[in-house]
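Open the model in your viewer and keep the selection panel at hand. The tour below goes stop by stop.

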Amino acid sequence: MNTDELRSVANAIVARQKGVLAADESNPTIKKRFDSIQVESTEENRRRYREILFTAEGIERTLGGVILFDETLRQRTRDGIPFPRLLADRGIVPGIKVDQGAKALAGHSGEKVTEGLDGLRDRLAEYRQLGAQFAKWRAVIEIDERDIPSAFGLRANAHALARYAALCQEAGLVPIVEPEVLMDGAHGIERCEAVTAQALQAVFAELDAHGVLFEGMLLKPNMVIAGKKCAHQAGVEAVAEATLRCLRRYVPAAVPGIVFLSGGQSAEDATEHLNAMNALGPQPWQVSFSYGRALQAPVLAAWQGREDRVAAAQQALLKRCNLNGLARDGQYARAMESTA
Ligand code: 13P
């Protein structure tokens with residue numbers, strides 16, 4: 001394992017003002033996104049859309065990495081440049097989603113475990129050859145009113161995340177470790193904090209047991225936030241404080257960066273929460289973003305599948321990147337939404 005390279009790639013992804021664009025939607029997921037703007041999900045439309053994202057001018061100032069899906073890693077620009085090379089030439093680290101989705105966990109009704117470990121060593125070797133320098137694996141943790149998630153469900157997901165992370169580092173890829181506690185449900189922020197704490201505890205115990213180098217990985221957690229259906233939504237400061245309290249208790253200082261998922265928050269809320277955390281002062285790790293919907297929803301809305309709206313779509317992406325870059329320094333204000 002080349003530990004210097006792992007450390008340096010992990011640090012580059014979360015360099016000052018930088019974060020990650022998650023553009024790794026599987027084909028069923030991107031179809032849902034395209035359906036919302038009445039664009040057919042053909043291979044060419046998916047390629048074109050990703051090309052619009054990756055060629056937007058100025059995004060390299062605030063994007064340290066982009067996560068791709070298997071199909072996208074193999075696609076090229078109209079001019080024939082492979083996407084991973086295009087990104088690397090712009091100083092953006094190309095990454096790859098390697099999990100194969102969350103499936104029902106046998107014997108544990110209502111819980112899921114993420115699959116994709118079989119054959120992963122060989123897939124990672126190929127992805128590295130295709131230019132990927134980091135990877136992502138997402139575990140999905142649902143909260144219900146009673147006893148979900150179970151301690152066993154958390155452990156099963158943590159174990160899979162750790163096996164994946166160890167394989168990545170063996171292959172020379174920086175693992176992004178993503179235990180996502182879902183925002184769905186009616187639970188309050190306290191329950192989210194308790195479950196996030198249990199999930200992180202389980203994940204770091206397994207990472208340690210598997211010999212994962214903390215300095216050569218990134219953590220992609222949810223923010224600590226009330227469920228979408230909860231009548232009482234905590235304010236921005238409360239979310240920032242609860243999230244940092246939870247992370248400071250369970251995430252080793254050796255981890256170079258935390259890159260939050262947006263999880264269904266609006267683009268503005270995701271930026272405002274990130275900003276509030278960074279405004280609370282320096283933390284042991286970089287506090288950054290790895291947003292999918294919170295970066296792309298405004299792009300899809302501007303694009304609508306139309307060639308005459310490509311410039312507007314790229315502007316929408318640049319705006320979100322710039323505002324999240326400011327939030328990395330605690331310099332964002334909601335009022336900038338109308339002027340940026
Ligand atoms: P969202 O920011 O839309 O939650 O997506 C991030 C991601 O990559 C989930 O795995």
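Which atom of the ligand lies 2.7 Å from a polar side-chain atom of lysine 220? Select lysine 220 and the ligand together to find out. The partner is an oxygen atom of the ligand. Bear in mind throughout that this is a predicted model.

**Stop 1: the ligand and its shell**

Stay with the ligand and add serine 262. An N or O atom in the side chain of serine 262 is 2.5 Å from a ligand oxygen. Now add arginine 293. Here a polar side-chain atom lies 2.7 Å from an oxygen atom of the ligand. How much of the ligand does the protein bury? Taken alone, the ligand exposes 300 Å², and 91% of that is buried by the protein.

Widen the selection to the whole shell. There are 13 residues around the ligand. Those that come nearest are Lys136, Lys220, Ser262, Gly263 and Arg293. Colour the shell by class: six residues are charged, four are polar and three are nonpolar. Next, switch to cartoon and pick out strand E6 (134–141) and strand E10 (286–291). Each of these strands supplies at least two residues of the shell. If your viewer draws pockets, turn them on. The ligand sits in the largest pocket.

**Stop 2: asparagine 157**

Select helix H7, residues 151–171, and find asparagine 157 within the helix. Is asparagine 157 buried or exposed? Its relative accessible area is 3%, so asparagine 157 counts as buried, the limit being under 20%. Show threonine 114 as well. The backbone nitrogen of threonine 114 lies 3.4 Å from a polar atom of the asparagine 157 side chain.

**Stop 3: a cis peptide bond**

Move to the loop between E6 and H7, where proline 149 is found. Display the backbone from isoleucine 148 to proline 149. The peptide bond joining them is cis, with omega near 10 degrees. Most peptide bonds are trans.

**Stop 4: valine 181**

Go to strand E7, residues 174–181, and select valine 181. With a relative accessibility of 3%, valine 181 is buried. Now add proline 221 and draw a C-alpha to C-alpha distance. Valine 181 and proline 221 are 40 residues apart in sequence, yet the distance in space is 7.8 Å.

**Stop 5: asparagine 275**

Helix H10 covers residues 267–279 and holds asparagine 275. Asparagine 275 is buried too, at a relative accessible area of 9%. Which separation do the C-alpha atoms of asparagine 275 and glycine 330 show? They are separated by 4.6 Å, although their positions lie 55 residues apart along the chain.

**Stop 6: two glutamines with positive phi**

Most residues other than glycine have a negative phi. Two glutamines are worth a look here. Begin with glutamine 38, in the loop between helix H2 (27–35) and helix H3 (43–54). Phi of glutamine 38 is near 55 degrees, a positive value. Turn on the surface: glutamine 38 is exposed, at 69% relative accessibility.

Then jump to glutamine 304. This residue lies in the loop between helix H11 (293–303) and helix H12 (310–327). Phi of glutamine 304 is near 55 degrees, again positive in a residue other than glycine. Glutamine 304 has a relative accessible area of 33%, so it falls in the partly exposed class, between 20% and 50%.

**Stop 7: aspartate 99**

Finish in the loop between strand E3 (93–97) and strand E4 (102–104). Aspartate 99 is found there. Is aspartate 99 buried or exposed? Aspartate 99 is buried, with a relative accessible area of 12%. Last, select aspartate 89 and draw one more C-alpha distance. Aspartate 89 and aspartate 99 are 10 residues apart along the chain, and their C-alpha atoms are separated by 26 Å.

Note on methods: Residues are numbered from 1 along each chain as its sequence is written. This is a predicted model: local features need pLDDT of at least 70, side-chain atom pairs count only at pLDDT 80 or more; totals for chains, interfaces and linings use all residues. Side-chain values use heavy atoms; hydrogens and water are left out. A residue is near a molecule or strand if one of its heavy atoms lies within 4 Å of it. A polar contact is a pair of N or O atoms within 3.5 Å; within protein, one must be able to donate a hydrogen and the other to accept it, and residues adjacent in sequence count only if both atoms are side-chain atoms. Accessible areas come from the Shrake-Rupley method with a 1.4 Å probe; for residues, only the protein chains shown count as cover. On a 1 Å grid over the protein atoms alone, a cavity is a set of points where a 1.4 Å probe fits but cannot get out, and a pocket is an open set with protein on both sides within 12 Å along at least five of seven lines; lining residues have an atom within 4 Å of a point. A molecule sits in a cavity or pocket if more than half of its atoms lie within 2 Å of its grid points. Helices (H or I, at least four residues) and strands (E, at least two) are DSSP runs, numbered from the N terminus. Ala, Val, Leu, Ile, Met, Phe, Trp, Tyr, Cys and Pro count as nonpolar, Asp, Glu, Lys and Arg as charged, and the others, Gly among them, as polar. Buried means under 20% relative accessible area, exposed over 50%, partly exposed in between (1.4 Å probe, protein chains only).
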